[in-house]
Amino acid sequence: MRRPLIRRLPALLAAALLLPAVAGCGVDEDDAGLVIYSGRNEKLVKPLLDDLEKAVGTTVAVRYGESAELAAQIQEEGGKTKAGLFFSQDAGALGALSSKGLLAKLPQASLDKVEPAFRGGAGDWVGTSGRVRVLAYNPGQVAKVPDTVHDLVKPEWKGKIGYVPTNASFQAFVTGMRVLEGDDATRAWLKGLKANEPKVYENNLKVLDAVGKGEVSLGLVNHYYWYERVAEKGEDKVGAKIHFLPGGDPGALVNAAGVGIIKGNDQAPVAQKAVDFLLSAKAQKYFADDTKEYPLAADVTSTVKDLPPLSSLEAPKIDLGRLESLQETLKMLQDAGMV
Amino acid sequence: MYSTDPVPRTDPAARPTGTPPAGRSRAGRRPPAVLLIPAAVAAVFALLPLGYLAVRSLERGPAFAWDVIANERTAQLLGRSLGLAAVVVTASLLLGVSLAWLTVRTALPGARAWSVLVTLPLAVPSYVAAFAWLSAFPDLAGFTGAALALTLVSFPYVYLPVTAALRGTDPAQEEVSRSLGHGPLRTFLRVTVPQVRPAAAGGAVLVALYVFSDFGAVSLMRYDTFTRGIYTSYRASFDRTPAAALSVVLVAMTIVLVAVEARTRGRAGHARTGTGTARPAVPTPLGRWRAPALAWCTAVTAAAVLTPLATLGYWLAVGNSATWDPARLLETAGTTLGVAAAGAALTTLLALPVGVIAARHRGRTAHLLEQSAYAGHALPGITVALSLVFFAVRYAEPLYQELPLLVCAYAVLFLPVAVAGTRAAVLQSPPVLEDVARSLGRSPLSVLREVTVPLAAPGVAAGAALTFVVCMKELPATLLLRPTGMDTLATLLWTETGTGSFAAAAPYAAALILLAAIPSYLLGRHRA
């Protein structure tokens with residue numbers, strides 16, 4: 001009953017251990033002039049980063065991951081990080097690295113390409129594209145879409161709201177509300193929202209789908225998810241619509257994805273070229289047209305159908321640098337029993 | 001083949017002190033250096049994440065760490081994780097033991113085919129199972145959905161060792177019970193269950209640890225567990241200290257769990273020692289239970305295998321983002337197979353000495369070694385990955401973000417899976433043969449090489465296949481530790497679902513399930 005195969009087990013084990021040496025197929029980052037840690041999805045930014053490689057004139061290696069996990073990784077790597085540039089999905093992860101002193105100061109010329117609202121307070125990171133908080137709604141269930149998130153605590157929306165309390169964009173929005181309206185008002189709003197028994201989803205797309213299917217009537221999401229869904233399924237198959245909130249409502253916060261140069265390695269000159277490329281008209285146009293985000297520099301406007309220009313949005317005036325107090329927001333969300 | 005007298009294994013405490021231990025009693029005897037040294041290496045390896053957690057959680061002083069741990073929410077999340085684990089373990093035991101008994105001991109029509117089919121859910125990543133069920137039944141979200149998805153992907157951890165135990169134990173006892181007039185149910189409860197109890201308990205521990213560490217299914221099902229709390233802590237606060245402090249609690253839970261399991265393991269011998277050649281059991285006729293038995297197998301297979309496949313099929317058919325890239329799919333599949341094979345090989349090598357010691361030796365050292373192997377298993381992948389980042393950049397920088405480090409991560413993560421397989425396999429082979437070899441003057445190394453390993457080889461190979469499958473599905477550690485630019489099927493699946501392109505993700509998910517199904521299939525066949 002003993003099989004000959006089993007007798008060769010040690011040989012098979014040895015072969016398996018050696019196999020990856022043959023199968024391995026990564027870009028050797030030691031040869032790369034620039035290593036980018038990208039919290040932005042490969043599907044979204046790969047074509048752009050291919051262009052970036054051409055623009056900076058050296059080999060670029062990109063490591064894709066989740067923004068928060070990559071930020072933790074860079075902190076864990078300390079001075080020995082391989083990353084020259086961190087391309088983050090949101091301002092929070094950049095703020096975390098900035099507060100740990102891991103980012104290098106950017107030249108004023110680069111910073112000045114972008115509104116002060118979309119750069120780090122210490123001048124060590126800069127926004128590359130903007131994403132706007134919107135209300136998704138099901139047109140079959142909602143006759144009049146609320147114009148402020150404050151309406152969401154009204155009893156008529158009980159059990160009809162979908163949201164992602166663990167999502168960084170949601171938490172940035174709550175932090176924004178704290179900055180704009182104070183901790184007490186925000187706590188009261190969260191309490192009211194919680195009392196309305198909102199349905200919790202794993203990510204914004206799930207919220208959008210749930211709104212589309214009528215599981216909930218309203219959803220708190222970012223604008224581009226809707227455009228992505230339309231690109232994936234076709235507009236007629238997406239049941240949800242989106243509403244941009246007017247009047248500087250905290251629910252209309254514009255958050256930024258951005259980049260920072262990692263301090264203390266010899267990639268800084270190339271990383272600087274990369275930052276300039278990302279703020280160039282070509283890259284900004286890419287964000288506008290391909291990822292359906294808002295360009296933040298170079299006077300580029302979006303050509304995507306139905307996407308209103310950034311200047312037409314009545315976004316709340318807020319310094320994104322002040323969104324770093326995420327700890328307190330998290331504490332507040334935990335106290336409210338939301339995360 | 002083996003014809004020796006049954007040997008009752010004595011309790012070490014019962015022996016008069018001062019008497020040298022009898023050759024055949026392993027109790028209390030120190031493991032030989034040839035096992036001890038590599039096992040210690042494996043244990044040190046497995047304890048790396050704990051060293052990291054100690055550094056990180058105490059970074060801001062014990063008071064800060066204690067504040068995080070003593071938080072009311074910590075207890076709440078702990079309760080939720082334990083509750084979920086209890087339900088999933090119970091359900092997995094029910095599914096695993098019933099299916100094992102049906103496919104091994106009864107006249108179930110198509111028993112061989114069923115034994116393969118019910119092993120296949122191993123190939124389904126928890127996040128794919130959760131996604132499949134959720135897209136079909138959105139209301140399942142929450143505890144029910146999480147428990148369902150986790151049960152359906154983890155019951156083979158119970159099914160496989162229990163089948164092996166059923167095949168390895170002497171059917172004569174059951175026949176005697178039947179001949180004494182006990183019905184099938186009574187025989188099952190009084191004779192069969194005690195025989196498979198250690199195997200089932202070992203599987204149950206793996207299931208519980210799987211539930212503790214799972215992030216994919218609970219996150220899709222929106223059910224907050226301890227692991228999800230740890231991820232939230234990383235993601236919302238970008239702060240490693242609270243996450244590390246929380247992880248310490250998971251480690252403590254694991255140690256308690258493994259200790260309890262070891263205590264309840266019992267002292268019964270598991271090896272067949274006096275029955276002559278292996279003899280297949282006479283299948284129990286099912287009679288009027290035939291139809292319900294078949295319905296049960298069908299229902300489990302449909303829930304665990306067909307549902308995810310049907311959902312993937314639907315996404316392939318429906319979406320217009322299905323951009324086929326066969327070249328990339330093929331290349332990634334090759335990479336995935338390569339790293340998973342290497343991961344399984346290293347894990348098996350490290351698990352071998354630990355498993356042999358766990359099966360053959362008792363005492364403090366043996367216990368400590370086995371518990372060390374399990375210590376990190378309940379940790380979320382992100383914590384293990386960050387700990388390897390921590391150690392690699394300090395002490396093994398040339399290996400950092402190279403394949404060997406990824407392979408090491410797999411070994412740290414999945415050592416218990418291979419240890420459990422090895423231990424069960426060694427337990428099933430009669431220890432008396434090793435004694436004979438030793439009495440003939442063989443060294444411990446040659447006993448290991450010529451007797452223990454060949455006897456346990458099928459079980460060890462099964463453990464390796466199981467490890468291979470779980471390596472293929474691993475995501476969080478792979479994301480942080482892979483060489484830059486390298487992809488596995490799991491990371492591509494993550495990339496595609498990250499933008500919501502489920503249709504584009506479907507081919508990678510399907511490829512992952514199909515490839516992982518091959519070792520699962522072999523596992524099922526090997527048992528049949």
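**A tour of chain A and its contact with chain B**

Select chain A first: of its 339 residues, 58% are buried (under 20% relative accessible area, 1.4 Å probe, protein chains only). This is a predicted model, in which local features need pLDDT of at least 70 and side-chain atom pairs count only at pLDDT 80 or more, whereas totals for chains, interfaces and linings use all residues. Residues are numbered from 1 along each chain as its sequence is written, chains are lettered from A in the order in which they are written, and side-chain values use heavy atoms, without hydrogens and water.

Colour chain A by secondary structure next: 13 helices and ten strands appear (DSSP runs of H or I, at least four residues, and of E, at least two, numbered from the N terminus).

Now display chain B as well. Here 64 residues of chain A are in contact with 75 residues of chain B (heavy atoms within 4.5 Å). About 5,800 Å² is buried between the two chains, 57% of it from carbon and sulfur atoms; this is the accessible area (1.4 Å probe) that two parts lose on being put together, summed over both.

Select A:K43 and B:E496, which form a salt bridge with their closest N and O atoms 2.9 Å apart. The chains share four salt bridges (a side-chain nitrogen of Lys or Arg within 4 Å of a carboxyl oxygen of Asp or Glu).

Turn then to the elements of chain A that supply at least two residues each to the side touching chain B, among them helix 3 (42-56), strand 2 (60-64) and helix 4 (67-77). Which helix gives the most to that side? Helix 4 of chain A does, with nine residues.

Key. Buried means under 20% relative accessible area, exposed over 50%, partly exposed in between (1.4 Å probe, protein chains only).
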